[in-house]
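Trainee: Could you take me through one part of this model up close? I'd like to look at the nonpolar core and then at what sits around the ligand.

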Amino acid sequence: MENPTTSKVVLLACGSFNPITNMHLRMFELARDHLEDTGQYSVIKGIISPVGDAYKKKGLIEASHRVEMARLATESSEWITVDSWESQQSDWVETSKVIRHHYEELLAREHNRDDVDTVKYTKKRRIEENYIASSLSPLSLCSDGPQLMLLCGADVLESFGIPNLWKQEDIAEIVGRYGLVCVTRSGSDPHKFINQSDDLWKYRKNIHVVHEWVTNDISATHVRRALRRGRSVRYLLPESVVRYVQEHSLYSAESEQKNADVVLAPFQKYSDASTKTES
Ligand SMILES: Nc1ncnc2c1ncn2[C@@H]1O[C@H](COP(=O)(O)OP(=O)(O)OP(=O)(O)O)[C@@H](O)[C@H]1O
Ligand SMILES: O=C(O)c1ccc[n+]([C@@H]2O[C@H](COP(=O)([O-])O)[C@@H](O)[C@H]2O)c1
């Protein structure tokens, strides 16, 4: 039964998912519990959007494999889905544009649902188009429509502070207009980071920090390292993903060198600077 007093939320996670791990899936569950615990939100859907091959991060294997592994991993979930739109684009797509794309999709879906009420739709569309990123409260599609929020780990939030990585207007749009749910990772302190950033502080009410008490250090980098050393990765990834990796002989010393000689664009320097990336 729908609760009319709560706002519906769709969570969107962007990243390499190289490969998807149990922690990526946990991130969704943690975020949903956290938001619903406030009594203000009802999370209706989660979307995993693997980045395209043009991201050129070192060791990034083909998007087709990463998308397929994410599909296998979410087969048993009733609410987490995978979307391949971003991965199919020939150029790298900035996250703000990925969010906009999914927002448009949600809006179109709402429109189809409400198409008897075209006046209501047109009015909301106009409000939406005129919306200024500097507003402090995120806009939901319509009074009963879902709100789209970006879901990420604290490393991505902290990457907002890397010079020339994210455009300031994109950060304002993501956090000011849509909202962000950030899951803590070991070694990170999102509250401190928000406190030290004037831009994020301005939008603090739209940033939901989820504390993961069971510190879980699984990272795709650790998984790839274990795989190329012939170590077991069982119970770090869903079993279906472990089987897929084996069947397709993914993640070797050779695949880790992919894109190693690529001259990096500013947005890729994050990947390079990341302490998680190694040879
Ligand atoms: N252990 C974790 N705790 C919290 N968030 C996580 C964790 N692992 C991944 N994430 C988040 O999941 C999203 C997708 O992450 P990504 O695909 O880059 O995985 P990763 O494990 O960080 O990868 P890599 O090790 O290759 O850099 C990001 O928002 C990232 O912060
Ligand atoms: O939009 C941007 O400016 C931007 C800058 C840096 C990174 N991103 C996105 O952040 C995600 C980071 O993923 P990863 O695996 O490199 O940690 C990935 O989806 C990138 O497209 C996005």
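**Core and ligand shell**

Mentor: Sure, and keep in mind that this is a predicted model. The largest nonpolar core is made up of 69 residues, and Leu11, Leu12, Ala31 and Leu151 have the most contacts inside it. Helix 1, which covers residues 22–37, gives the most to this core, with 7 residues.

Now zoom in on Leu151. Leaving out residues up to four places away in sequence, Leu151 touches Leu11, Leu12, Ala13, Met27, Phe28, Ala31 and Val181. So what surrounds ligand 1, and which residues are the closest? There are 22 residues around ligand 1, and the closest are Gly15, Cys152, Gly153, Ala220 and Thr221. The elements that put two or more residues into this shell are strand 1 (7–15), helix 1, strand 4 (147–153), helix 6 (154–159) and helix 10 (220–228). Helix 1 turns up again here: it gives the most to the shell around ligand 1, with 3 residues, just as it gives the most to the core. By residue type, the shell splits into 9 nonpolar, 9 polar and 4 charged.

To put that part back into the whole, the protein has 13 helices and 6 strands. It has 279 residues, of which 39% count as buried. Finally, take the contacts in the protein with a separation of 6 or more: 80% of them are between residues 24 or more positions apart. The Leu151 contact with Leu11 is a nice one to find on your screen.

Technical notes:
Residues are numbered from 1 along each chain as its sequence is written. Chains are lettered from A and ligands numbered from 1 in the order in which they are written. This is a predicted model: local features need pLDDT of at least 70, side-chain atom pairs count only at pLDDT 80 or more; totals for chains, interfaces and linings use all residues. A nonpolar core is a set of buried Ala, Val, Leu, Ile, Met, Phe, Trp, Tyr and Cys residues joined through C-beta atoms within 7 Å. A residue is buried if 20 or more other C-beta atoms lie within 10 Å of its own, exposed if 12 or fewer, and partly exposed in between; C-beta atoms are placed from the backbone. Helices (H or I, at least four residues) and strands (E, at least two) are DSSP runs, numbered from the N terminus. Two residues are in contact if their C-beta atoms, placed from the backbone, lie within 7 Å. A residue is near a molecule or strand if its C-beta atom, placed from the backbone, lies within 6 Å of it. Ala, Val, Leu, Ile, Met, Phe, Trp, Tyr, Cys and Pro count as nonpolar, Asp, Glu, Lys and Arg as charged, and the others, Gly among them, as polar.
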